[in-house]
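User: I'm new to reading protein models and keep tripping over the vocabulary. Could you take me through this one, term by term?

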Amino acid sequence: LVNKITQGEVIDAVRELSGESSISMVDYPRTGSAFLAFSCEREMVSSAAMRKAVAMCLDRDALIDDLLGEYGVPVYGYYGAGQWMAKEKGDALKALNRYRFNLSNAARLFVDEGWTLNEQGQAYDAASDTLRYRRQGDKLQPLVFRMALIEHNASATAVKNMLERNLKRVGAMLDWEEMRFDQLLKKHYRQEERQYDLCFLGSNFTYIFDPYYTYHTGDKYQGVMNTSGLRDEELLQLARELREVPPGDRKAYLEKWFAFQDHWVEALPLVPLYSNIYSDAFTSRLKNYNPDKHWSWAIAILYSTLDP
């Protein structure tokens, strides 16, 4: 059993094999997503306007085409395509798509945030200047974002390349560092001091969707629980209301869930990029293996049998 194949060309290759040999395949939507995570406690991305400007420098549809092809779907909030809430909301989720790829709007947000000068302290001119600055006391601060990415990861590299290219077009610069996955996780979970503003990651949601501690504003929750560093009291209240919906009241839960998503998009602690259509490949001797009907392959395998 090969679990969670994501790259389109690999899925297509295995699908061809499945028609000629004893290989079976099953497709199912991912209950999570890939995203660009911000370190909101850092000055450069502490304001929602700066985070929105970065979001507008990413072409979500182009990334999906390059990385996943027909096996990727765009996401606009804090959800995965395989969650029942996202399935029920359907096209209504498009209302959350507020930061489409738009370099002009990104540049306008940078201007609003004070990045209007060049290296000499004069008015920035897009025709002749390469990097924006803003005055901080008696010094000029350059518009430079720092990014961490996993080494030897095609998706992370593709996101980095696109962001680097598009930020340059609006007078910003991306300074990036590759590191091992375990090193990045320690910094993402704030077990070590992080010196980057953003990083590319992906995650799947647990069966019970409860973002209460993920966006808790209290000091003791900062770190492994609240990885983003965002302290937004309204978002916390919406998360609290979501977890207080009486069990079984599906309609009320869905309404509270969408209200949470609506404000989450305004706060934007991370840039949602895409969710996957997962494919599992396995020997045809494996019977009754249905990960699409269970929460994970680990549960689905309990109900499977293996023919001699």
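User: Is Leu268 buried or exposed, and what makes it so?

Analyst: First, a word on the source: this is a predicted model, where local features need pLDDT of at least 70 and side-chain atom pairs count only at pLDDT 80 or more, while totals for chains, interfaces and linings use all residues. Residues are numbered from 1 along each chain as its sequence is written, and side-chain values use heavy atoms, with hydrogens and water left out. Now the term: buried means under 20% relative accessible area, exposed means over 50%, and partly exposed is in between (1.4 Å probe, protein chains only). Leu268 has a relative accessible area of 1%, so it is buried.

User: Where does Leu268 sit, and what is its phi?

Analyst: Leu268 is in the loop between α9 and β10. Helices (H or I, at least four residues) and strands (E, at least two) are DSSP runs, numbered from the N terminus. Its phi is near 50°, a positive value in a residue other than glycine.

User: What about Lys4: why is it called partly exposed?

Analyst: Lys4 has 29% relative accessibility, so it counts as partly exposed. Lys4 belongs to strand β1 (residues 2-5). Lys4 also has a positive phi, about 60°, although it is not a glycine.

User: And what makes Tyr303 exposed?

Analyst: Its relative accessibility is 55%, so Tyr303 counts as exposed. You'll find Tyr303 in the loop between α10 (297-300) and β12 (305-306).

User: Which nonpolar surface patch includes Tyr303, and what makes a patch?

Analyst: Patches are made of residues with over 30% relative accessible area and no salt bridge; like charges are joined within 9 Å, and nonpolar side chains (Val, Leu, Ile, Met, Phe, Trp, Tyr) within 5 Å. A salt bridge is a side-chain nitrogen of Lys or Arg within 4 Å of a carboxyl oxygen of Asp or Glu. Accessible areas come from the Shrake-Rupley method with a 1.4 Å probe, and for residues only the protein chains shown count as cover. Here Tyr303 joins Tyr207, Ile208, Trp295, Ile299 and Leu302 in a nonpolar patch of about 710 Å².

User: How do you know that helix α2 is mostly covered?

Analyst: Just count: seven of the eight residues of α2 (residues 48-55) are buried. Those are Ala49, Met50, Arg51, Lys52, Ala53, Val54 and Ala55.

User: What makes something a cavity, and how many are there?

Analyst: Rolling a probe the size of a water molecule over the atoms shows where empty space is left. On a 1 Å grid over the protein atoms alone, a cavity is a set of points where a 1.4 Å probe fits but cannot get out; a pocket is an open set with protein on both sides within 12 Å along at least five of seven lines, and lining residues have an atom within 4 Å of a point. Grid points are joined across faces, edges and corners, and a volume is the space filled by probe spheres set on the points. By this rule there are two cavities of 30 Å³ or more. The largest is about 60 Å³, and its lining includes Ala55 and Leu268. The second largest is about 30 Å³, with Ala55 and Leu58 among its lining residues.

User: How does the lining of the largest cavity divide by class?

Analyst: Ala, Val, Leu, Ile, Met, Phe, Trp, Tyr, Cys and Pro count as nonpolar, Asp, Glu, Lys and Arg as charged, and the others, Gly among them, as polar. On that basis the largest cavity is lined by seven nonpolar, one polar and two charged residues. For the second largest cavity, it's six nonpolar, no polar and two charged.

User: What volumes do the two largest pockets have, and which residues are closest to their centres?

Analyst: The largest pocket holds about 970 Å³ of space. Of the 45 residues lining the largest pocket, Ser33, Phe35, Gly202, Ser203 and Asn204 are the closest to its centre. The second largest pocket has about 730 Å³. Of its 34 lining residues, Gln83, Trp84, Met85, Tyr207 and Trp295 are the closest to the centre. Helix α4 (84-89) gives the largest share of that lining, three residues.
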